[in-house]
Amino acid sequence: MKTILIVDDEPAARYGLRRALESKYRVAEAESAESASNALSTEKPDLVLLDVVLPGMDGLSFLKLIRDQGNMVPVLMISALDSAKTAVEALQLGAADYLVKGFELDELRQRVSNLLKVASLEEENDLLRRQLASEGQFGAMIGRSEEMRRAFEIADRVASTDSTALILGESGTGKDLLAQEIHARSTRAGKAFVAVNCAALPETLIESELFGYERGAFTGAAQQRRGKFEQAHGGTLFLDEIGDMNPVTQAKVLRVLENRTIERLGGSQTIPVDVRVISATHRDLPAEIRNGKFREDLFYRLRVVTIELPPLRTHKADIGMLADAFLKMHGARLGRPARLGKDALAALEAYDWPGNVRERAGTQRGDVSWR
């Protein structure tokens, strides 16, 4: 039986909600945010009915608190005021739905039923994703070797948190795909995923790309421009090849991670940003630190969770699986199913793959059989 936690300081309101739901659900009650916090641990509710107006900490502040703590229990906000502003704020903070007092009990029951069904589907999807990760699939990435499954399992666990993550691996191992899938499985999935290749931008441009600029900040700045941090507000910023970032920009990125604010070039206004940062590099950052090329304090900020993607030459047992997947993909595109011959597979497994999975290798005539 599903458990519903009712959080309302009015005994009569709690009584009415309990009577409407107790025939189908187990119901727990709390009269304040403080007692509700304890009930979340002891009752482990499947859904929370949360009043906006509470003594002490109000409902919206409590909702923000539990989301910041990583608790994603569905919350149905209830308010005596028909305020669009309050409703929008509640939904932005992570409420699943919003009801104004005076609602019909049948409507309440239907909303509760719908939210619990959605939550059950999400739990099933999470279980399936975890199962696929343990079996060797993480979004578009595949690999059954121990090294790949370990990377997938760590990525799956960190995806549901808001932790900063650092992905290590050679070029072509799939660092960008891993970052995209972490974002897709996170609570920020509905927001922007913004990627920046730090190695591809010259030193003179990277700061303006990341932080934006005000009109007139430099020659050619004809109008204001929002940087990547602002563009990723509410979502995820992927800093690819961060090991190639120059020291001056490193210091500014560190300041953003510490203060969660930015300033555009040429501006003095402090702008708050809510961004989850995932970074990646093929470089040996401890060695870069020893050589004075990378800031040690930034390194520790970035590597809250570290995920290592192995080079393909160290998990060649996955080559057959990868080859089959690529053949199916290209066969479907060409309308010609294909299979890989034994000699071709042996040649692929003997190769060292310096470009890793991204590398394209030619095949000799007769290696691939088109059916």
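**Entry 1: the end of α8**

I began at the end of helix α8, where Gly 212 follows with a positive phi near 80°. The model I am reading is a predicted one. I then stepped back into the helix, which covers residues 203-211. Which of its residues are buried? I noted Ile 206, Glu 207, Ser 208, Glu 209, Leu 210 and Phe 211.

**Entry 2: Glu 207 and Thr 249**

I picked Glu 207 out of helix α8. Is Glu 207 buried or exposed? Its relative accessible area is 14%. The cut-off for buried is under 20%, so Glu 207 counts as buried.

Next I listed what Glu 207 touches, leaving aside neighbours within four places in sequence. The contacts are Gly 212, Val 248, Thr 249, Lys 252 and Leu 265. Gly 212 is the residue that follows α8.

I followed one of these contacts, Thr 249, which sits in helix α10. Helix α10 covers residues 247-259. Thr 249 has 0% relative accessibility and so counts as buried. Which residues does Thr 249 touch, not counting those up to four places away in sequence? They are Ile 206, Glu 207, Leu 210 and Phe 211. I had already marked these four as buried residues of α8.

I checked the spacing against a general rule. An α-helix has 3.6 residues a turn, so residues three or four places apart point the same way.

**Entry 3: two positive phi values outside glycine**

After Gly 212 I looked up other positive phi values. Most residues other than glycine have a negative phi. Glu 241 has a positive one, near 50°. Where does Glu 241 sit? Its place is the loop between β12 and α10. Glu 241 is buried, at 9% relative accessible area.

Trp 353 also has a positive phi, near 50°. I found Trp 353 in the loop between α14 (342-350) and β18 (368-370). At 8% relative accessibility, Trp 353 counts as buried.

**Entry 4: strand β15**

I turned to strand β15, residues 276-281. How many of its residues are buried? The tally is 6 of the 6, so β15 is largely enclosed by the rest of the structure.

In a regular strand the side chains alternate between the two faces of the sheet. I therefore took β15 face by face, and both faces are covered, because its 6 residues are all buried. Arg 276, Ile 278 and Ala 280 lie on one side. Val 277, Ser 279 and Thr 281 lie on the other.

Then I looked for partners. Strand β8 (residues 165-168) runs parallel to β15, joined to it by 4 bridges. Ala 165 has Ile 278 of β15 as its bridge partner. Strand β12 (residues 236-240) also pairs with β15 in the parallel sense, over 4 bridges. There, Thr 236 is matched with Arg 276. Strand β12 had come up before, at one end of the loop that holds Glu 241.

**Entry 5: the largest pocket**

I moved on to empty space. Rolling a probe the size of a water molecule over the atoms shows where such space is left. The largest pocket holds about 1800 Å³. Which of its 45 lining residues are closest to the centre? I wrote down Arg 67, Met 72, Ser 186, Thr 187 and Arg 188. The elements giving two or more residues to this lining are α3 (59-68), α4 (84-92), α5 (105-135) and α6 (146-159). Which element gives the most? It is α5, with 11 residues. By type, the lining divides into 16 nonpolar, 12 polar and 17 charged residues.

I stopped at one residue of helix α6, Glu 146. At 56% relative accessibility, Glu 146 counts as exposed. Its C-alpha atom is 8.9 Å from that of Gly 136, 10 residues away along the chain.

**Entry 6: the whole chain**

I finished with totals. The chain has 14 helices and 18 strands. Its C-alpha atoms fill a box of roughly 80 × 60 × 40 Å along the principal axes. Of the 371 residues, 44% are buried. The exposed area is about 19700 Å², and carbon and sulfur atoms supply 49% of it. Last, I took the contacts between residues at least 6 apart in sequence. Of these, 68% join residues at least 24 apart.

Methods:
Residues numbered from 1 in each chain as written. Predicted model: local features only at pLDDT ≥ 70, side-chain atom pairs only at ≥ 80, totals over all residues. Heavy atoms only, no water. Buried < 20%, exposed > 50% of the residue type's maximum accessible area, 1.4 Å probe, protein only. Pairing = 2+ DSSP bridges. 1 Å grid on protein atoms, 1.4 Å probe; cavity = no way out; pocket = protein on both sides within 12 Å on 5 of 7 lines; lining within 4 Å. Points joined across faces, edges and corners; volume = space filled by probe spheres on them. Nonpolar A, V, L, I, M, F, W, Y, C, P; charged D, E, K, R; others polar. Contact = heavy atoms within 4.5 Å. Areas by Shrake-Rupley, 256 points an atom, 1.4 Å probe, with all protein chains shown as cover.
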